[in-house]
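I opened my notebook to look up a few things in this model. I start with where the chains touch.

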Amino acid sequence: MATIDAAPPVSRRRSVWSTVLRNPSVLFGGSIALIMLIIAILAPFLGTRDPAEINPSARNQKPGYTATVRDDEGKRIQVKYHLGTDSLGRDIYSRVIYGARVSLIVGITVAVIAVFVGLIIGMIAGYVRWLDGIIMRFMDGLMAIPEILLAIALVSLSRAGLPAVVIAIVIPQVPRVVRLVRSVVLSIREEPYVESAITVGTPTPTLLFRHVLPNTTAPLIVQGTFICASAILVEAILSFLGIGIPPEVPTWGNIMAEGRTYFRILPHNILYPGIALALAVLAINMLGDGLRDTLDPRFAKRF
Amino acid sequence: MAGYILRRVLSTLPVLAIVAVLVFLMLRLTPSDPAAIIAGDYANPQQIELIRERLGLNEPILKQFIIWIGGVLQGDFGESFFYKKQVAELIGERLEPTLSLSLLTILLVVMIAVPLGVIAAHNHGTWIDRLVMGFSVLGFSIPVFVVGYILIYVFAVTLDWLPVQGYQRIRDGVGGWLLRLILPSMTLSVVFIAFIARMTRTSVLEVLNEDYIRTARAKGQTEMKVLVRHALANAAVPILTIIGLTVAILIGGVVVTESVYTLPGLGLLTVDAVLARDYPTIQAVILLFSFAYVLINLLVDVAYTFLDPRIRY
């Protein structure tokens, strides 16, 4: 008897994940995102040089350029610049590979913080009735300021750097999470099992954590994935405009900003980081699409 | 209907007010002192204090807000720290390139995306549909500036058909003006064409299953008329909603596109203002763009009532 009782929940949980993993978008987008993550982690072992290393004698070279340089011990070695160099003689290949680190760190950090903050504010808005109006009007106001513009304004408030950029990208995303969480909380509140939990005197924290929170997981995973893609894009835009992460840090946006001057003769400085960026955003968006279709079918029609 | 429109207009007022408060607070709570920025590196404390006094920075924050918002309502956004002239005047000079770029982009998007979406819906499930959808997924993953540089490389550098960068005022010749806006508006339109083609396809597909479409076909209406008169006309409301909502992305795209093509518009002004920590200009531009976004969506909502007589509030 015991085995029969235990069996269904296990198999159901398994079947959800096997559906998710069979979805072509999840499979395709997820694999590319995973490969990028591995590349970012293994960046020092992929035949890269120090991405900040300047080589004045090898400035503005085309892909495949080979130069002789002295290594740390003073020996002459051959260095091949697979994707050419920028105007300071830095290796584009290494900078693009290391750029994946910054992009993914920004994307994941922004997604986690935005979801966490949005979850808390959204639960408060959905549960504390008198605060609901105030919070939501405030969120409406924030959402009325176009996302990129708000991020641009926010980076102007403090010294440029990774934390400032992350915060500037998080704030425009929070209202979207708040809205989502609040709508889930409001709909869950009316469910019979929540009403019965209230009737039997379940304390509010238990109610929120045991009944409301699990219902927000699926939509938040989906939303978090889209936020991650959007954050990577916004970070690249800020860096490209020269107002994001300081220019010496190898980010895809910075590499492109640096390549603007010599773009006519050396288009690769913009092309390769651009391809990396587009691929990352595409992969994560596809992952999000697939997760939404499989995990959260109620929201499947929302584009 | 007049009652609905009035209520809808009134409902935007609180949002606009909150945006104004947010923009004011955001830039007034900065760690850096605007007076010190204006005074420059060599000012002594007395000079800074004098500027603080003149800007009204020593007043209580609520009074500062009232003075500021009073000015804004009269079109006075204060003086730019960096350009040393009235922000309103500065914005006036920069309005033309931005408006030209935005309007041309919207025109291009509607002309290309809507037919594309209808064609995809009509050929649902065939390779044409998959081609349009494939383009659409690709379209909103390639960042605006990457699209911009690819187009510059192909059409301006390699083929040498169009100018690389720059802007010509419309009064100096419509030809030159249009020529310089072709690449920027193509660049900016890619992501929207992707969005709106997809949305048009979805809305038209939904409508194509309706009974009146079958009736229209049964009475021998040409397929073209069925698609345009019956399907598209009824799918117009969701398409218009998306156009309204994507104005936010359009504004972000304008900033990037103007930077790529060095168009001297509001987007470039925003970036320059941020680099110079020119807070009055940043405030004014953000306020202006946000108000434009809110008001465009208000117009879209009001347009529903004309487009779809079933909508009654």
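**Contact between the chains.** I looked up the contact first, in what is a predicted model. Chain B puts in 34 residues and chain A puts in 36 residues. On the side of chain B that touches chain A, I listed the elements giving two or more residues: α1 (2-28), α7 (144-158), α10 (223-260), α11 (266-275) and α12 (279-307) of chain B. I then sorted the residues on that side of chain B: 27 are nonpolar, six are polar and one is charged.

**The core.** Next I asked which residues have the most contacts inside the largest nonpolar core. They are A:Leu149, A:Ala151, A:Ile152 and B:Ile196, in a core of 155 residues. Helix α3 (residues 92-127) of chain A gives the most to this core, namely 17 residues. I followed up A:Ala151. Leaving aside neighbours within four places in sequence, A:Ala151 is in contact with A:Ala168, A:Ile169, A:Pro172, A:Val234 and A:Leu238.

**An odd angle.** I stopped at B:Thr262. It sits in the loop between α10 and α11 of chain B. Its phi is near 40°, a positive value in a residue that is not glycine. Most residues other than glycine have a negative phi. Is B:Thr262 buried or exposed? It counts as partly exposed, because it has 14 C-beta neighbours inside 10 Å, and buried would take 20 or more.

**Confidence.** I checked the scores last. The model has ipTM 0.83 and pTM 0.85. Chain B averages a pLDDT of 82, and 97% of its residues score at least 70. Within chain B, helix α2 (residues 34-39) is lowest, at a mean of 72. Highest is α11(B), at 88. I noted a caution: where pLDDT is low, the predicted coordinates should not be read in detail.

Methods:
Residues are numbered from 1 along each chain as its sequence is written. Chains are lettered from A and ligands numbered from 1 in the order in which they are written. This is a predicted model: local features need pLDDT of at least 70, side-chain atom pairs count only at pLDDT 80 or more; totals for chains, interfaces and linings use all residues. Two residues are in contact if their C-beta atoms, placed from the backbone, lie within 7 Å. Helices (H or I, at least four residues) and strands (E, at least two) are DSSP runs, numbered from the N terminus. Ala, Val, Leu, Ile, Met, Phe, Trp, Tyr, Cys and Pro count as nonpolar, Asp, Glu, Lys and Arg as charged, and the others, Gly among them, as polar. A nonpolar core is a set of buried Ala, Val, Leu, Ile, Met, Phe, Trp, Tyr and Cys residues joined through C-beta atoms within 7 Å. A residue is buried if 20 or more other C-beta atoms lie within 10 Å of its own, exposed if 12 or fewer, and partly exposed in between; C-beta atoms are placed from the backbone. pLDDT is the predictor's confidence in each residue, from 0 to 100.
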